[in-house]
Amino acid sequence: MSKMSMTNAPTALDKGFAASIDATIVPFYKADEPGATVIVTLDGKTVFRQAYGMANITKQEPMTPEATLRLGSISKQFTAVCILMLFEEGKLRLSDEIMRFLPDYPAQGRQITVEHLLTHSSGIVSFTSKEDFDANIARELTVTDMIDSFKNDPLEFAPGTAFNYNNSGYFLLGAIIETVSGRSYARFVEQRIFVPLGMNRSYYEGHELSPQQVAAGHTHRDGVFVPCDPMSISQVYAAGALVSNVNDMARWENAVASGKLISAANWNKAFTSYRLADGSACGYGYGWEVGTLQQRPMLAHSGGINGFMTCALRLPEDKLFVAVLSNADFGIVDPEYIAHKIGAMAIGAPLVDFEEIKLDAEVLDTYVGVYTVNASEQRTFWRDGGQLLMLRTGGDVTPVHPYSANGFFIKHTLVHMEFVRDTVGAVAKVVLHQHGEVNENPRVTA
């Protein structure tokens with residue numbers, strides 16, 4: 001697909017473009033259910049900004065574009081830039097072993113560096129994948145308490161040899177920022193990023209600078225939307241504790257695109273996929289996923305946290321930015337899906353959705369079974385009438401819909417999968433495509 005020419009690019013006066021985006025989004029959000037805020041900018045100018053649904057279903061409070069929402073893991077971009085600021089100031093090196101800053105951290109005889117934390121290649125167990133995480137999520141814990149909860153777990157792999165998305169790594173980066181700067185993580189982000197960029201509606205949760213509309217978080221349970229389960233923000237910290245709105249996310253994008261805060265060389269580091277020990281690219285830089293959208297270079301990040309799901313993507317060559325912040329963590333369209341739909345539409349290469357077909361129960365039954373995700377998680381498929389259902393350890397029951405004899409997709413997401421048979425025709429594994437990654441899950445039981 002050729003690059004979108006600026007002469008044909010949508011402008012703030014292009015009502016047709018804005019109307020097309022709105023028509024794409026409207027069907028996914030009901031007026032009396034949790035909703036979303038959406039912004040699209042082109043070359044630094046806002047070409048679309050809208051709110052949908054309810055900011056608070058209990059209070060029947062409509063969403064507005066000014067509402068603030070939890071960012072979840074989009075927070076990792078800000079954490080990564082804080083680290084790069086300290087790097088530029090000569091206060092740390094990306095090659096430094098983390099024990100330089102956290103002397104009590106047991107590296108288990110391995111060299112775990114700051115860069116390993118930034119790129120999810122440390123091998124440290126992610127605390128959000130541990131069995132007791134959800135049960136204890138409402139407990140207020142100190143930074144030391146949280147680090148103690150995972151620091152003695154065996155490494156999953158040798159640092160630098162593999163990629164495994166890891167909230168523990170970014171939690172540790174927050175602790176390093178505090179150690180090196182002498183300031184709390186919340187204060188450092190506020191003083192070094194939010195205030196200089198005029199991001200007056202962005203803050204570490206609980207440290208807001210001014211009164212504002214704060215969207216309530218929701219989940220979907222027993223067929224209805226209800227307030228989300230409580231959580232202590234202390235348990236996500238530098239991995240996901242930031243709050244913002246779409247106006248401030250556009251300010252952030254403008255700073256990123258214009259090379260503010262850090263040098264061009266370090267922005268380039270953040271946007272370059274880290275290479276593992278075997279030379280392969282892991283698809284992640286420093287706080288940004290590195291991939292493509294319809295063959296165009298894309299930098300993105302999504303977030304999921306109690307009550308909220310988010311996505312922000314940028315197409316640097318097209319000077320396009322899209323952010324979708326939603327206030328439900330289940331039972332609502334995936335913001336990543338919406339953001340990608342908008343981005344693809346804007347460059348004239350719209351995404352084509354899968355079309356559901358019908359498969360006989362006998363065919364669906366061949367896919368029923370348990371599949372290994374990793375050492376501690378499994379993915380289970382079973383049939384309920386004419387519907388195939390999927391459950392990942394610690395997740396939610398999710399319907400999957402066939403688009404071919406062996407291919408399935410999750411509606412209103414970018415997730416799809418294919419079941420693969422062995423040489424004698426038995427199903428051997430399921431291959432999942434999600435968030436730009438391809439993961440093979442071997443079948444262990446039928």
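## Helix packing, strand pairing and an aromatic pair

Helix 2 (residues 75-88) packs against helix 5 (residues 167-181) at an angle of about 40°, and the two axes lie 10 Å apart. The model is a predicted one. Angles under 35 degrees would count as roughly parallel, and 65 to 115 as roughly perpendicular. Helix 2 and helix 5 are therefore oblique to each other. Their crossing is left-handed.

Which residues make the contact? Helix 2 contributes Lys76, Thr79, Ala80, Cys82, Ile83 and Leu86. Helix 5 contributes Asn167, Tyr170, Leu173, Ile176, Ile177, Val180 and Ser181. By class, the contact of helix 2 with helix 5 has nine nonpolar residues, three polar and one charged.

### Strand pairing

Strands of a sheet pair through backbone hydrogen bonds, in either the parallel or the antiparallel sense. The table lists three pairings from this model.

| Strand | Partner strand | Sense | Bridges | A residue and its partner |
|---|---|---|---|---|
| Strand 14 (residues 369-372) | Strand 15 (residues 378-384) | antiparallel | four bridges | Thr372 opposite Gln378 |
| Strand 14 | Strand 21 (residues 437-445) | antiparallel | two bridges | Val370 with Thr445 |
| Strand 5 | Strand 9 (residues 242-244) | antiparallel | two bridges | Leu69 with Ser244 |

Strand 14 takes part in two of these rows: antiparallel to strand 15 over four bridges, and antiparallel to strand 21 over two bridges. With strand 15, strand 14 forms a hairpin, and five residues lie between the two strands. Thr372 of the hairpin stands opposite Gln378 in strand 15. Val370 has its bridge partner, Thr445, in strand 21.

Strand 5 belongs to an open sheet of three strands. The order is 5-9-6, and the pairing is antiparallel. Which strands stand at the edges? They are strand 5 (69-70) and strand 6 (203-204). Each has a single partner strand, so one side of each is left without a neighbour in the sheet. Strand 5 is joined to strand 9 by two bridges, and Leu69 has Ser244 as its bridge partner there.

### Aromatic pairs

How many aromatic pairs does a search of the whole structure find? The count is 26. One pair is Phe127 with Phe150. Their ring centres are 6.0 Å apart and their planes are at 20°, so the pair is stacked. The pair links distant parts of the chain, with the two residues 23 residues apart. Phe127 sits in the loop between helix 3 (114-118) and helix 4 (143-148). Phe150 sits in the loop between helix 4 and helix 5. Helix 5 is also the partner of helix 2 in the packing described above.

Terms used: Residues numbered from 1 in each chain as written. Predicted model: local features only at pLDDT ≥ 70, side-chain atom pairs only at ≥ 80, totals over all residues. Heavy atoms only, no water. Axes fitted to C-alpha atoms, helices over the stretch in contact; angles between N-to-C directions. Parallel < 35°, antiparallel > 145°, perpendicular 65-115°, else oblique. Left-handed = near helix turned anticlockwise from the far one by under 90°. Contact = heavy atoms within 4.5 Å. Nonpolar A, V, L, I, M, F, W, Y, C, P; charged D, E, K, R; others polar. Pairing = 2+ DSSP bridges. Phe/Tyr/Trp six-rings, centres within 6.5 Å; stacked < 30°, edge-to-face > 60°.
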